[in-house]
Amino acid sequence: MTNQNSSKKSDPKIGRTIRDDLHNVKIKDDFKDEYRELKDYFLTDERKEMLKTMGSFKKFFVLPWWLLKSLYFKLTPLRRLLLIFGIIFLIISGKTGYDSDGNSYTLDVTVILSGLIFLFIIALELKDKLHAKTELEEGRAVQKALMPDIQPEVSGWDIWLYTKPANDVGGDLLDILNLPGNRYGVSIGDVAGKGLSAALLMAKLQATIRALAPDFKSLSELGKKINEIFYRDSLPQLFSSLIYIEIESGSGMLKILNAGHPPPLLMRENSITKLEKGAPALGIISSPDFYEKSFEFTHDDILVAYSDGVTEARNENGDFYGEDGLNKELSKIHELNSKQIGEKLITAVDIFVGKAKVHDDLTIAILKRTR
């Protein structure tokens, strides 16, 4: 789910920015701080210890070389080649070579100094990028740890759960809870926006549902309480859709709450029915009315819940996979088990998207009655 906030802002003035920078920046102190951060990030503990034993003269040459090597090997192969070519072109573009008498070699120091300044800037930017990437990878690891089993075991049900973020971390919620009374609660949600902010709100929404669900038997009351907390704690203009499904072990009864999420599909025999959309998404208004719907599932009935990352998947031409594509694929695979249905659906979406950039998280939950 995307949330685009557009605001007209005038571009900053270059001249004013330069003047402010000259006024605010303490060149000597700031340079030392930046240089220290480069050493702390790029150098290994072993090399940091080696520096302590070096004299100032040797350190003056060795330290920049180590930093350059570390920078070089952290780049992709193409960028490494571009860096080498850039350095070569910088050198040969200056006044280099022997003088007219052939007695001495001249080197344009300004060219070398310019190159070193650019390399220093690149190193700082790379350090910030790698540091942010490391934090995102750690966030992704936490998200994976919070994800449920892809095929949870519930008597009388065949369940398959799948989620794939578009970026390092995702804003889609997918969870299953074992509740009192042989009940199970399946949550599928989609937080507006992308990246880290959506992932943090998703984690909060997941924690809220886990804390509240065991104490509520009415899904409409559960929805009201979840919305109350999400509305209170969420940032302005951020919201989340949610489908909450409750089933019982050994029973065909299925209850569902939909708050602004793409309606699930109910597959029975040779028909596919789209369920109602339900209440507004969480966090939009303070006190909406939520509705609980109940269904009696019989043998081979299937519920397919998904995020809009499925129907809004786009190919290289900008075309959407759409509900028609989803229905067409599902109509061919009704007789399969939940895992086979899910994997074929994911494959179909991947083939449709091809080499196009993925724009949204993709989440699917398939619940099939086996008795």
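Two strands pair if DSSP finds at least two bridges between them. That rule applies throughout this predicted model, and a good place to see it is strand E9, residues 265-268, which pairs with E12 in the antiparallel sense over three bridges. Within this pairing, Leu266 stands opposite Leu303 in E12.

Strand E12 also pairs with strand E13, residues 362-369, again in the antiparallel sense, over five bridges. Here the bridge partner of Leu303 is Leu367 in E13. Leu303 thus links the description of both pairings: it faces Leu266 and is bridged to Leu367.

How many of the five residues of strand E12 are buried? Five of the five, in the run 302-306, so E12 is largely enclosed by the rest of the structure. In a regular strand the side chains alternate between the two faces of the sheet. In E12, Ile302, Val304 and Tyr306 are buried on one side, and Leu303 and Ala305 are buried on the other. Both faces of the strand are therefore covered, where buried means under 20% relative accessible area.

Another part of the model is an open sheet of five strands, in the order E5-E6-E7-E8-E11, with antiparallel pairing. Its edge strands are E5 (172-179) and E11 (292-296), each of which pairs on one side only. From one strand to the next, the twist averages 15°. Inside the sheet, strand E6 (residues 183-191) and strand E7 (residues 240-248) run antiparallel and are joined by nine bridges. One point to find on the structure is Ser187, whose bridge partner in E7 is Tyr244.

Two helices lie across strands of this sheet. Helix H7, residues 195-212, lies across E5, E6 and E7 and runs at about 15° to E5. Helix H8, residues 219-233, lies across E7, strand E8 (253-259) and E11, and its direction is at about 150° to E7.

Earlier in the chain, helix H2 (residues 27-42) packs with helix H4 (residues 56-74). Their axes are 10 Å apart and meet at an angle of about 60°, and H2 and H4 are therefore oblique to each other. The crossing of these two helices is left-handed. On the H2 side the contact is made by Tyr35, Leu38, Lys39 and Phe42; on the H4 side it is made by Leu63, Pro64, Leu67, Ser70, Leu71 and Lys74. Sorted by class, the contact of H2 with H4 has seven nonpolar, one polar and two charged residues.

Note on methods
Residues numbered from 1 in each chain as written. Predicted model: local features only at pLDDT ≥ 70, side-chain atom pairs only at ≥ 80, totals over all residues. Heavy atoms only, no water. Axes fitted to C-alpha atoms, helices over the stretch in contact; angles between N-to-C directions. Helix = DSSP H or I, 4+ residues; strand = E, 2+ residues; numbered from the N terminus. Parallel < 35°, antiparallel > 145°, perpendicular 65-115°, else oblique. Left-handed = near helix turned anticlockwise from the far one by under 90°. Contact = heavy atoms within 4.5 Å. Nonpolar A, V, L, I, M, F, W, Y, C, P; charged D, E, K, R; others polar. Buried < 20%, exposed > 50% of the residue type's maximum accessible area, 1.4 Å probe, protein only.
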